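Colleague: I am new to this model and would like to understand one part of it properly before looking at the rest. Please give me a close look at the second of the chains, and explain each term as you come to it.

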Amino acid sequence: MSDSQRRSVLSSSLDRRRLIGTVGGAAAGLALGASVAPSVLAQDGQGAQTGVDPATWNPETITAMAGTETVDTMAEMHALVPAETAGELSWWVAGPNQASPPIATQLFDEYITTFNTMWPAISLDVQNVDYNELLDKTRVAAAGGAAPSVTKFPILWGVEFAARGLLQEIRLEDYGLTADMFWPGALKSVTWQDKIYGIPTNNETMAFIYNRDIFQRAGLNPDMPPQTWDEVRQASKTITDTLGPRVRGYGMVAKQNAGNTPFRFMPLLWAYGGSALDEADEAPTYATSKINTPEGVAALQLMYDMYVTDKSVPTSALTNTQVENQDLFLTEQIAMMISHPSEYVALQSKLATLTNPEELERAQRVVDNMVYTLIPAGPVRRAVVFGGSNAHIFTDAAHGGPVDQNAAKAMMGLLTSPEWSLKNNWTDSNPSNLRGFRTPWMKERLESIRFLEVTTSMLPYGIPFPVVPESTEIMNSIIPDMLQNALSETMSVQEAADDAAQKINDLISQRAS
Amino acid sequence: MATQAPTLPAGRSPNRREVPGVLSRMRRHAADYLYVAPAIIVMLVVIGYPLVYTVYRSFFFTDARDPSWTWTGISNYTGILSDNLFWQVTRNTFVWTVGSTVLAIVLGFAAAMVLHREFVGRGLLRGILLIPWVISAVAAAYIWKWMLHSDYGLISNQLLAWGWISDALVVLDDRSRVMSALVVVNVWKEFPFVMIMVMAGLQTVPQPLLRAARVDGASSWNQFRHITLPHLKGVLLITTLLLAVTNLNSFTLPFLMTGGGPANASQLWITEIYKISFGAGLRYGEASAYSVILFLFMAIIGYFYVRALTGGGPKNEEAG
């Protein structure tokens, strides 16, 4: 980023802060319970990495387009795969679990019922696999010729399987789809060596969440959330210094081999100008790591300062995932975290299970004081992981026999339809099929799910993970290792970054050779 | 029916008992081989084939991006042995295995000695002490993980509430304490097994011998040292070896409680092999080499285990 661009981001932040100071909209939000900080209305991202043009995709335009198109899903699907089609299909998905909001489970069940109703002669075998097990399980199954016919993978995983020749190539036109129905960043995530190996089902970005009440008690302005990562550090320190060690500021996550970790560290790394490879550049080549550049080291240093020097984040950050963060947030032990829009619904669900009056009162206070805002910016940019999921069909070899192509097509078609790419991600994401934004269901969703506008405001700042088969190892293993090495003081910050860069470069060079 | 006397080979004494050849013995035991054949076949399929396949694959480079294998000779082995992480993991595994085994033996032995005496509530206490052993390792791992959690762990919070500590007790997130904590949890889980084995062994100690020793004025210590302990030697040896093998193969507790962290401070051979195979880049070749190294260690322990079982004497093989 040029100096002029950098100044632009910073001045934009200042403008926003003035706006926040004068509007005082959060006070109204507080009266309504959990709220959205007014800063989310600002737009200063370019969407260069994802093709999400902020002029087209912002809370106002999304609200305006919702409900403008009626979709007859059954007719569209039967035009794709006739109703009388017989066959069999196995489908693995990290679907709703016990921690999911009831609406997610309900819609998932409804999806299965819809599929069975649309194609009654297709025998469907569904496996709802835990998110943390799906990757390993599918890796082993595919290697042994026992993969399912179709799967829905998080955005990070697919390329590895495509590179190993385990996924079928997809032609969008076979599904009545065209490239302009998706954000470019979404299609990029299913593309390997210029071929498409899947269809995006949903895309989202996370947001920054803070507890207004804790801010107030710590003497911070609850209407002025941190706008930069440096301010996050300051706020985090102030909270812990003021309220004692039982209340930590920022909910850091640095567990090894856990998908939650990169989703929460990469926005910071990119904001400072670092990157795992060069994925934050406008034309990435994915050839060399930039994680140990001065910018990357500065990002890691900030994590170190918060964990080691300030002790203003949970000590358990090294073993925590977002699941543990939820509990810490709900019990007022942390004041800030990065998460999905679904966090509000998830915490409400947890609230409903509490029976102890004291715990209930405290949790209710937390939910009432939840505020969503933009993920803070760094010296170089504001950034967030462009996340989501994709649907893939395995090859016959990976499946261990011929994949029923018609049945697989039916599943792929329905998963990526405007209706179900929306409903299957009701509380936590957006439809990848952009027609989904124009449906009446989107209108209903915007009216019933709070904070969606914050995460849509973050979309232009989205940066996709590197689209290389090494991404999974880099994000799930090498980067968490780097964090652990630095935070546990096994290595210095510079050594940890150098070690990670060395591992990433070795990994990339193995493919190159 | 006329039969012909067997012809003796030149130079052999007719008085010496003839040892039949291998083929002859196999023919004689044909039915025995038939009976064990199903088990042998199953073992060849589920143990022999994977073993050979693992050794074979340990000489190849494999990774997540390419389904083909590249022959790399012993480079996987040299790579592992020259990596500092291997030696750190080996040290962790040693601490885990020896620490868990020795402490479980000591605690289990002590518990067995106490429970061998008659007292009111002995049955109840025995039942309670068995609980750690019978509950699922997964459940135990999660219970202990929450109890030892650095920020909202039951143990830390209780100690803080009592005023015994002023800062939260950080165990699982501290690389200098994490192994000790894991060993303690593992000992808690395993000592009832030792207790049962030793209690069974104590039943075999001849009571007349103990009575005679008492009559002769032997002290309790001398009775224990010269009568009880020698009778338990076999049980203790087998139990120790079984525990050592179990601990070398431990996966559930360390994996679920820490995932090998922080910064690999609780990474063991097994969890590292899992990480290399499935958690990182599908480097099956490197993981196979790691597994072969572990197998060699296990084979050495297995050798001593078999020797302990058979008393270490010559084989009581039937000759004819």
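**A close look at chain B**

Modeller: Gly217(B), placed just after helix H9 of chain B, takes a positive phi of about 90 degrees. What you see is a predicted model, in which local features need pLDDT of at least 70 and side-chain atom pairs count only at pLDDT 80 or more, while totals for chains, interfaces and linings use all residues. Residues are numbered from 1 along each chain as its sequence is written, and chains are lettered from A and ligands numbered from 1 in the order in which they are written.

H9(B) itself covers residues 207–215, and the count of buried residues among its nine residues is zero, which leaves this helix hardly covered. Here a residue is buried if 20 or more other C-beta atoms, placed from the backbone, lie within 10 Å of its own, exposed if 12 or fewer do, and partly exposed in between. In chain B as a whole, 29% of the 320 residues count as buried. The chain has 13 helices and two strands, these being DSSP runs numbered from the N terminus, with at least four residues of type H or I for a helix and at least two of type E for a strand. Among the contacts in chain B with a separation of 6 or more, 68% come from residues 24 or more positions apart, where contact requires C-beta atoms, placed from the backbone, to lie within 7 Å of each other.

Where does one such residue sit inside the chain? Val198(B) has its place in helix H8 of chain B, which spans residues 178–203. Val198(B) counts as buried because 22 other C-beta atoms lie within 10 Å. Leaving aside residues up to four places away in sequence, Val198(B) touches Gly108(B), Phe109(B), Ala112(B), Leu232(B) and Val235(B). With Val235(B) it is separated by 37 residues along the chain, yet the two C-alpha atoms are 6.7 Å apart.

Val235(B) falls within the residue range of helix H10 of chain B, residues 220–248, and this helix packs with helix H13 of chain B, residues 284–310, at an angle of about 160 degrees, with axes 10 Å apart. That makes H10(B) roughly antiparallel to H13(B). Axes are lines fitted to C-alpha atoms, for helices over the stretch in contact, and angles run from 0 to 180 degrees between N-to-C directions; those under 35 degrees count as roughly parallel, over 145 as roughly antiparallel, 65 to 115 as roughly perpendicular and the rest as oblique. H10(B) passes H13(B) in a left-handed crossing, a term used if the near helix is turned anticlockwise from the far one by less than a right angle, with clockwise giving right-handed. On the side of H10(B), Leu237(B), Ile238(B), Leu241(B), Ala244(B), Val245(B) and Leu248(B) take part, and they meet Phe297(B), Met298(B), Ile301(B), Phe304(B), Tyr305(B), Ala308(B) and Leu309(B) in H13(B). The residues of this contact divide into 13 nonpolar, no polar and no charged, with Ala, Val, Leu, Ile, Met, Phe, Trp, Tyr, Cys and Pro counted as nonpolar, Asp, Glu, Lys and Arg as charged, and the others, Gly among them, as polar.

H13(B) also packs with helix H12 of chain B, here at an angle of about 165 degrees and with axes 8 Å apart. H12(B) and H13(B) are therefore roughly antiparallel to each other, and their crossing is left-handed. Trp269(B), Glu272(B), Ile273(B), Ile276(B) and Ser277(B) of H12(B) make this contact with Tyr284(B), Glu286(B), Ala287(B), Tyr290(B), Ser291(B) and Leu294(B) of H13(B). By class, the residues of the contact of H12(B) with H13(B) are seven nonpolar, two polar and two charged.

H12(B) also leads us to the other chain. In all, 26 residues of chain B are in contact with 29 residues of chain A. On the side of chain B that touches chain A, strand E2 (66–71) and helix H12 (269–279) of chain B each supply at least two residues, and H12(B) gives the most, with three residues. This side of chain B has 11 nonpolar, eight polar and seven charged residues.

Note on methods:
Contact = placed C-beta atoms within 7 Å.
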